[in-house]
Amino acid sequence: MKNIALFGATGSIGRSTLDVVKTIDGFRVLAISGHKNLKLLHEQSMLFRPRWVILTDENAAKDWNFELPVGSELCVGMKALTQIAAESDVDIVVSAIVGRAGLESTIAAAQAGKRIALANKESLVAGGALVKQIASETGAEIIPVDSEHSAIFQSLQAGKRKELERVILTASGGPFFRLPEKDLKNVTLDQALKHPTWNMGAKVTLDSATLMNKALEIIEAKWLFDLDMTRRELEVMIHPQSIVHSMVEFHDGAVIAQMSPPDMRLPIQNALTYPERVSGGPTKRTNWSIDQTLEFFAPDYSKSKFDALKLGLETASLAGTAGVVLNAANEMAVTAFTRGELRFDEIVPRVRKTVEEHDFRQNPTLEELTALDEKIRKDFR
Ligand code: NAD
Ligand code: MG
């Protein structure tokens with residue numbers, strides 16, 4: 001039995017993780033966390049009977065009036081995440097909180113030398129150098145849950161790291177891939193929340209529409225796979241069907257891809273069971289009795305539509321404080337868009353401006369990253 005601490009249990013990745021745990025053998029949910037959705041957190045507690053039920057939002061805790069199963073303890077506040085990540089009984093921390101809020105618990109899991117099933121890409125975007133350094137010292141394993149990074153991780157098994165020519169990160173292109181550029185300024189929140197191939201939480205769906213999700217994923221890939229951006233070890237290809245989840249090319253020209261229907265439960269399952277592959281999981285299977293077409297388009301970097309990709313590539317090359325700033329500015333810009341305070345086509349330029357104007361440093365400490373993150377959010381208007 002492997003014990004899981006699932007941070008962000010009430011979200012899209014969290015719910016999918018519980019679907020996986022329900023259907024495969026060998027895993028027990030020891031802790032779950034939720035931020036505001038008390039009812040769902042309670043329902044999940046009744047079903048999975050975890051030792052710890054963490055309610056991270058201290059304000060929401062005032063409205064908690066549920067009975068927990070015998071043996072379950074309610075813990076309130078973000079501190080509980082870092083404490084429970086380090087508990088000796090915890091084998092795997094599933095990092096599925098959205099946004100910068102996932103950083104401290106990811107770091108705590110790395111410090112405790114756990115396996116981290118990492119969905120929270122923002123923690124690597126903001127603190128990739130630190131997280132990786134800590135994990136290399138403690139032996140913590142970071143197994144990606146993000147579908148593209150899981151695909152790269154799986155495809156890399158076909159060769160040695162030193163044989164890698166490049167990683168080809170695929171992007172669905174989001175809902176506006178075929179929309180004329182001039183129409184992007186009129187995009188509404190409802191339109192941006194409809195993703196053509198994936199069903200995800202609101203923030204990552206909006207990031208997919210602006211292509212900032214791919215910018216975050218470029219930076220995430222750089223840290224996960226130690227890619228040399230100056231040697232162009234990463235390319236992006238638009239693949240609207242979201243069947244090929246990413247590819248790697250080796251020095252001999254062989255390209256290895258991982259394919260499956262778009263369903264996050266497969267990369268989640270892989271992150272839990274690696275290096276084993278198990279049957280019985282809840283994932284949709286490929287239907288080989290119907291005709292299928294897979295398309296790949298190279299992004300046209302002369303079009304402003306792909307500015308987010310360019311910004312992601314530049315930020316990954318810069319490293320240092322660029323990632324934490326890009327992430328904080330993006331979180332603020334997305335919130336401003338959802339409130340009707342920023343137009344859709346203003347999001348990426350605002351993020352770029354914030355990255356370009358900040359006081360860049362190469363090797364920030366966690367305290368410096370945190371201070372800068374807060375400053376960017378405070379100054380954002
Ligand atoms: P979501 O919005 O559906 O769920 C977020 C979870 O985080 C919820 O459990 C919520 O309670 C919790 N949370 C929100 N704000 C918090 C805060 N301030 N402090 C503590 N907890 C907080 O998000 P999601 O779509 O499940 O995405 C989670 C992460 O996984 C994100 O980093 C996202 O980029 C990544 N990801 C998601 C998908 C997907 O299919 N949903 C795919 C790839 C990567
Ligand atoms: Mg992804």
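Q: If a salt bridge is a side-chain nitrogen of Lys or Arg within 4 Å of a carboxyl oxygen of Asp or Glu, how many salt bridges does the count come to?
A: This is a predicted model, in which local features need pLDDT (the predictor's confidence in each residue, from 0 to 100) of at least 70, side-chain atom pairs count only at pLDDT 80 or more, and totals for chains, interfaces and linings use all residues. Side-chain values use heavy atoms, with hydrogens and water left out, while residues are numbered from 1 along each chain as its sequence is written, and chains are lettered from A and ligands numbered from 1 in the order in which they are written. By the salt-bridge rule, the count is 33.

Q: Glu217 forms a salt bridge with which residue?
A: Side chains of opposite charge can pair when their charged atoms come close. Here the closest N and O atoms are 2.5 Å apart. The two partners sit three residues apart in helix H9 (residues 212-225), so about one helical turn separates them; helices (H or I, at least four residues) and strands (E, at least two) are DSSP runs numbered from the N terminus. The partner of Glu217 is Lys214.

Q: Where in the protein is confidence highest?
A: The mean pLDDT is 97, and 100% of the residues reach 70 or more. Helix H8 (residues 202-210) has the lowest confidence, with a mean of 96. The highest, at 99, belongs to strand S5 (residues 92-95).

Q: Which side chain has an N or O atom 2.7 Å from an oxygen atom of ligand 1?
A: There are 23 residues around ligand 1 (each with a heavy atom within 4 Å of it), and Ser12, Glu122 and Gly201 are among those that come nearest. Polar contacts here are pairs of N or O atoms within 3.5 Å, and Ile13 offers a backbone N or O atom 2.9 Å from a ligand oxygen. The side chain at 2.7 Å is that of Thr10.

Q: How much of what ligand 1 exposes when taken alone does the protein bury?
A: At the outer end of the contact range, a backbone N or O atom of Val98 is 3.5 Å from an oxygen atom of ligand 1. Alone, the ligand exposes 820 Å² (Shrake-Rupley method, 1.4 Å probe). The protein buries 86%.

Q: Which residue does a cis peptide bond join to Tyr274?
A: Most peptide bonds are trans. This one has an omega of about 10°. The residue joined to Tyr274 has its place in the loop between helix H10 (265-273) and helix H11 (307-318), and is Pro275.

How values were computed:
A polar contact is a pair of N or O atoms within 3.5 Å; within protein, one must be able to donate a hydrogen and the other to accept it, and residues adjacent in sequence count only if both atoms are side-chain atoms.
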